[in-house]
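Visitor: I am new to this structure. Please take one part of it and go through that part closely, beginning with any term I will need.

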Amino acid sequence: LDSLGASLPSSIVQWFSRCVQGYFQIDQIIIEEAVEVDAAAPTDDSSDAKSKPVVRKTIHPEALPHFRTEILAQRYRWHKETEVMIIARLPFEEQIKRPYFHVKPLEAEQLKNWRLYLDFEIAEGNETRITVLFERCLIACAMYDQFWTKYARWAQKHRGSDAAREIYRRAQQHIPGNVRLALAFSAFEESLGTRKKHFINTLQSLVLYTCG
């Protein structure tokens with residue numbers, strides 16, 4: 001315990017202080033005590049060994065239980081928050097029957113579940129979770145333009161045009177001849193003022209795909 005008090009970084013001490021706030025003053029958590037420490041063993045030419053004062057830092061003996069209590073309370077809060085998130089998402093997760101890619105069409109109920117799950121996560125507002133779910137969805141639903149378009153529109157709103165354009169381009173690699181996707185991509189470019197050039201390129205790619 002003595003060595004712990006001496007080696008605690010200032011950031012830990014500050015957090016420790018917040019944990020036990022109301023019980024102790026900040027300067028009472030770490031106790032400084034002057035102690036006498038023997039010097040190195042004397043040589044033949046030296047006189048008797050002399051002691052020198054040093055400052056030893058220790059944690060207040062009554063502070064550690066409060067520190068432990070706060071750690072356990074924080075862990076319990078994290079556990080309950082995680083439990084709530086799992087329970088909210090479990091009905092959607094249980095409905096996912098094919099999380100992998102396959103050329104066979106997905107059932108209508110599966111597509112509906114993915115749409116509802118995405119709507120739920122978007123309403124929650126955590127961008128990391130939303131992104132992860134979209135990427136998961138597009139493994140199983142890579143051949144469905146509505147999910148690519150939904151992802152691109154969300155990305156345009158929250159991450160900008162470049163992110164949305166990259167999603168549209170990824171979608172075209174999976175479903176290059178999809179007319180709805182091509183029109184959505186053209187409408188996206190039109191909103192940015194680049195419609196004419198992109199429309200011509202899109203039309204050419206559709207013709208080549210259809211005739212090739």
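Guide: One term comes first: two helices count as roughly parallel when the angle between them is under 35 degrees. The model shown is predicted.

The part to look at is the contact of helix H5 with helix H7. H5 covers residues 108–124 and H7 covers residues 145–159. The two pack at an angle of about 10°, and their axes lie 12 Å apart. An angle under 35 degrees counts as roughly parallel, so H5 and H7 are roughly parallel to each other.

On the H5 side, the residues that meet H7 are Leu-111, Trp-114, Arg-115, Leu-118, Asp-119 and Ile-122. On the H7 side, the partners are Gln-146, Phe-147, Lys-150 and Trp-154. By type, the residues of this contact divide into six nonpolar, one polar and three charged.

Two of these residues lead further inward. Trp-114 and Phe-147 are among the residues with the most contacts inside the largest nonpolar core, along with Cys-141, Trp-148 and Tyr-168. That core has 30 residues. The elements that give two or more residues to the core are H5, H6, H7, helix H8 (161–174) and helix H9 (179–191). The core also draws at least three residues from each of domain 1 (79–143) and domain 2 (161–211).

Cys-141 shows how these pieces connect. Leaving aside neighbours within four places in sequence, Cys-141 is in contact with Leu-106, Leu-111, Trp-114, Phe-147 and Trp-148. Among these, Leu-111 and Trp-114 belong to the H5 side of the helix contact, and Phe-147 to the H7 side.

Ala-140 lies in helix H6, residues 127–140. Buried means under 20% relative accessible area, and Ala-140 has 3%, so Ala-140 is buried. With neighbours within four places again left out, Ala-140 is in contact with Arg-98, Pro-99, Tyr-100, Phe-101, Leu-106 and Trp-114. Ala-140 and Lys-97 are 43 residues apart in sequence, while their C-alpha atoms are 9.8 Å apart in space.

Another buried residue is Arg-89, at 8% relative accessibility. Arg-89 is found in helix H4, residues 63–95. Not counting residues up to four places away in sequence, Arg-89 touches Tyr-117, Phe-120, Glu-121, Glu-124 and Arg-129.

As for the setting, the protein chain has ten helices and two strands. Of its 212 residues, 30% count as buried.

Note on methods. Residues are numbered from 1 along each chain as its sequence is written. This is a predicted model: local features need pLDDT of at least 70, side-chain atom pairs count only at pLDDT 80 or more; totals for chains, interfaces and linings use all residues. Side-chain values use heavy atoms; hydrogens and water are left out. Helices (H or I, at least four residues) and strands (E, at least two) are DSSP runs, numbered from the N terminus. Buried means under 20% relative accessible area, exposed over 50%, partly exposed in between (1.4 Å probe, protein chains only). Contact means heavy atoms within 4.5 Å. Axes are lines fitted to C-alpha atoms, for helices over the stretch in contact, and angles run from 0 to 180 degrees between N-to-C directions. Angles under 35 degrees count as roughly parallel, over 145 as roughly antiparallel, 65 to 115 as roughly perpendicular and the rest as oblique. Ala, Val, Leu, Ile, Met, Phe, Trp, Tyr, Cys and Pro count as nonpolar, Asp, Glu, Lys and Arg as charged, and the others, Gly among them, as polar. A nonpolar core is a set of buried Ala, Val, Leu, Ile, Met, Phe, Trp, Tyr and Cys residues joined through side-chain atoms within 4.5 Å. Domain bounds come from an automatic or database domain assignment.
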